[in-house]
Amino acid sequence: MKTLAIIGSGDLGQQIAHYAISDNHYGKIVFFDDFATVSEINGYEILGNSDSIEKEYLKRTFDELIIGIGYNHLLVRKTLFERFNGIIPFGKVIHSSSWVDNTAKIENGSVIYPCCSIDANVIIGNNVIINISSVIAHDTKIDSHCFISPRVALAGFIHIKEMCIIGINSTIIDNINITSNTRLGGGTVVIKNIDEPGLYVGNPQRFVR
């Protein structure tokens, strides 16, 4: 089986490693981390920082790459993806307990956690996290570098532009557009388009900052 390299050995990276191995997507995991002070974590080797990635790929130390850096650093996630895209293959992890319609499209570098539902004609961009038990209804598009928290419910014909964070238990009704760099707090209910970036909370949503 293939070896997956994960950038970032923190909590998110370790979660991805767990699903990648336990759900039989990859046979081995290695990490790269710009801030690690140890050489391994949970039995997985940390091979160096991000400057070591291309060298190790040329040595065939690993086959594919995924970014395991969390939602507090979406710009870092985007920058690293753009740095290595086209140079190193990006993998993906779609947990076997999730249902994905055969018309849905999930791009490279994305991770679908357990028990998600991805409906017909959904498009999920590059480098996206869809967390546990989220539901993405038909004809919805999530652009690259977004983070969808657990138990999010997205109705049909939604468009979420890049680098958005959708908080836990948020609900978005159908035919909604959400602009780039938007963050929804936990439990937010979106009933109209969001055209201005920022943080939104409440039911219905209200702009905070």
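In what order do the 8 strands of the open sheet with mixed pairing follow one another? In this predicted model, the order is β6-β9-β12-β15-β18-β21-β23-β24. The edge positions are taken by β6 (93–94) and β24 (206–207), each of which has a single partner strand, so that one side of each is left without a neighbour in the sheet. At the β6 end, the partner is strand β9 (residues 111–112), which runs parallel to β6 and is joined to it by 2 bridges; within this pairing, Ile94 has Ile112 of β9 as its bridge partner.

Towards the other edge of this sheet, strand β21 (residues 182–184) and strand β23 (residues 198–201) are paired in the parallel sense over 3 bridges, with Thr182 standing opposite Gly198 in β23. The pairing of β23 with β24, by contrast, is antiparallel and comprises 2 bridges, and here Tyr200 stands opposite Phe207 of β24. These two strands, β23 and β24, form a hairpin in which 4 residues lie between them, and Gly202 in the turn has a positive phi of about 95°.

Thr182, which is located in strand β21, is buried, its relative accessible area being 1%. Leaving aside residues up to four places away in sequence, Thr182 touches Met163, Cys164, Ile165, Ile194, Glu196, Pro197, Gly198 and Tyr200; the contacts of Thr182 thus include Gly198, the residue that stands opposite Thr182 in β23.

A further open sheet is made of 5 strands in the order β8-β11-β14-β17-β20, and its pairing is parallel. Its edges are formed by β8 (105–106) and β20 (177–178), and each of these has a single partner strand, so one side of each is left without a neighbour in the sheet. Inside this sheet, strand β11 (residues 123–124) and strand β14 (residues 141–142) are paired in the parallel sense through 2 bridges, and Ile124 stands opposite Ile142 in β14.

Both of these isoleucines also belong to the largest nonpolar core, which has 26 residues and in which Ile124, Ile142, Ile160 and Ile172 touch the most other members. When residues up to four places away in sequence are not counted, Ile142 is in contact with Ile123, Ile124, Gly125, Val128, Ile130, Ile136, Ile148, Leu154 and Ile160. A second, separate core consists of 20 residues, among them Tyr19, Ala20, Leu74 and Ile165. In soluble globular proteins, nonpolar side chains tend to be buried together.

Leu74 of the second core is also one of the buried residues of helix α3 (residues 74–84), which are Leu74, Arg77, Lys78, Leu80, Phe81 and Phe84. Viewed down the axis of α3, these buried residues fall within an arc of 165°, so they line one face of the helix. On the other side of α3, Leu75 and Glu82 are exposed. The helix α3 is followed by Gly86, which has a positive phi, near 90°.

In the N-terminal numbering of the strands, β1 (residues 3–7) is joined to β5 by 4 bridges, and the two run parallel; Ile7 has Ile67 in β5 as its bridge partner. From strand β5 (residues 64–67), Glu64 and Ile66 point one way whereas Leu65 and Ile67 point the other way, and all of them are buried.

The aromatic pairs in the model come to 7. In one of them, Phe32 and Phe62 are arranged edge-to-face, with 5.7 Å from centre to centre and 65° between the planes. This pair links distant parts of the chain, since Phe32 lies in strand β2 (residues 28–32) and Phe62 in the loop between α2 (53–58) and β5, 30 residues apart. Phe32 and Phe62 are both buried, and together with Tyr57 they form one aromatic cluster. The rings of Tyr200 and Phe207 have centres 5.3 Å apart and planes at 65°, so this pair is likewise edge-to-face. Tyr200 is buried, with a relative accessible area of 7%, whereas Phe207, at 39% relative accessibility, counts as partly exposed.

Terms used. Residues numbered from 1 in each chain as written. Predicted model: local features only at pLDDT ≥ 70, side-chain atom pairs only at ≥ 80, totals over all residues. Heavy atoms only, no water. Pairing = 2+ DSSP bridges. Buried < 20%, exposed > 50% of the residue type's maximum accessible area, 1.4 Å probe, protein only. Arc of directions from axis to C-beta. Core = buried A, V, L, I, M, F, W, Y, C linked by side-chain atoms within 4.5 Å. Contact = heavy atoms within 4.5 Å. Phe/Tyr/Trp six-rings, centres within 6.5 Å; stacked < 30°, edge-to-face > 60°.
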